[in-house]
Amino acid sequence: MNGHAPASITDAPSEIDKLRHRVEALSRKRDEAESRLHALLRSLLPLDDLLADTRRRTGALHEARSARETTAALVAVGEQIDAAQRMLRSEIARHDVTPIQVLGRPADPAEMEVVGTESHPGAADCTVLQEKLTGFRLGATVLRPAQVIIAMPSPAPEREPNQELAWPVDDGPAPAPPGPDATTRGNRKQPRRTTRSQRRLLRRPSARRGRS
């Protein structure tokens, strides 16, 4: 025997140390994740208090006895809701959670879900016109896609079913107007009418013959 230990026995402690370091690293990451989760949950507790107060203010609407009290209660509820949303957005932003900005952008399937379309002549095709549900991103990862309504091209005006194209028609020369001595009714000529003075002239000779 030359007194040298086998290679497997010599390398065994180093492998154990590496495994121990990996376990310790995983344990630290777990503790950090739990700490962040606890911090997030504690930050949301004031939001629950604010929502509870908003609910009490909403109940005041049913007890309002005048239009002035009703208006004041509605304003207070609106302010509470705005404060609650600002608080929530502020807390989740601390954890790198941000809303996805979609208005005016082309539809992106990776971040958006199209739930409707509208005709809008002033917007480019597939441009987001309205946000139905806000999407959120955690860092570069999409937590939830936004639901959007996009613009579509306006349809071309349709021609009416009975509408036909008008083409110029050549019917030949116009017919000559009827002469001044006759009027036409259909294809039959009508006799010329005499005036009162003409009828008197026709009666005068017969009257003289009767007196002789």
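A polar contact is a pair of N or O atoms within 3.5 Å, of which, within protein, one must be able to donate a hydrogen and the other to accept it. The exercises below concern a predicted model.

**Exercise 1.** Determine whether Thr127 is buried or exposed, and find which backbone oxygen lies 2.9 Å from a polar atom of its side chain.

*Solution.* Begin with the location: Thr127 belongs to the loop between β2 and β3. Next, take its relative accessibility, which is 12%; since buried means under 20%, Thr127 counts as buried. Then look for the partner of the side chain, and the backbone oxygen proves to be that of Ala124. Finally, leaving aside neighbours within four places in sequence, Thr127 is in contact with residues including Gly104, Pro106 and Ile150.

**Exercise 2.** Work out the strand order of the open sheet of three strands, and state which are its edge strands.

*Solution.* The order is β2-β6-β3, and the pairing is mixed. The edge strands, each pairing on one side only, are β2 (112-119) and β3 (128-133). Between β2 and β6 (residues 146-152), which run parallel, there are seven bridges; one bridge partner in β6 is Ala151, which is matched with Glu118.

**Exercise 3.** Place Gln80 in its helix and identify the side chain with which its own side chain makes a polar contact of 2.7 Å.

*Solution.* Gln80 sits in helix α2 (residues 67-93), and with a relative accessible area of 12% it is buried. The polar contact joins its side chain to that of Asp53. Not counting residues up to four places away in sequence, Gln80 touches Leu50, Asp53, Thr54 and Arg57.

Terms used:
Residues numbered from 1 in each chain as written. Predicted model: local features only at pLDDT ≥ 70, side-chain atom pairs only at ≥ 80, totals over all residues. Heavy atoms only, no water. Pairing = 2+ DSSP bridges. Helix = DSSP H or I, 4+ residues; strand = E, 2+ residues; numbered from the N terminus. Buried < 20%, exposed > 50% of the residue type's maximum accessible area, 1.4 Å probe, protein only. Contact = heavy atoms within 4.5 Å.
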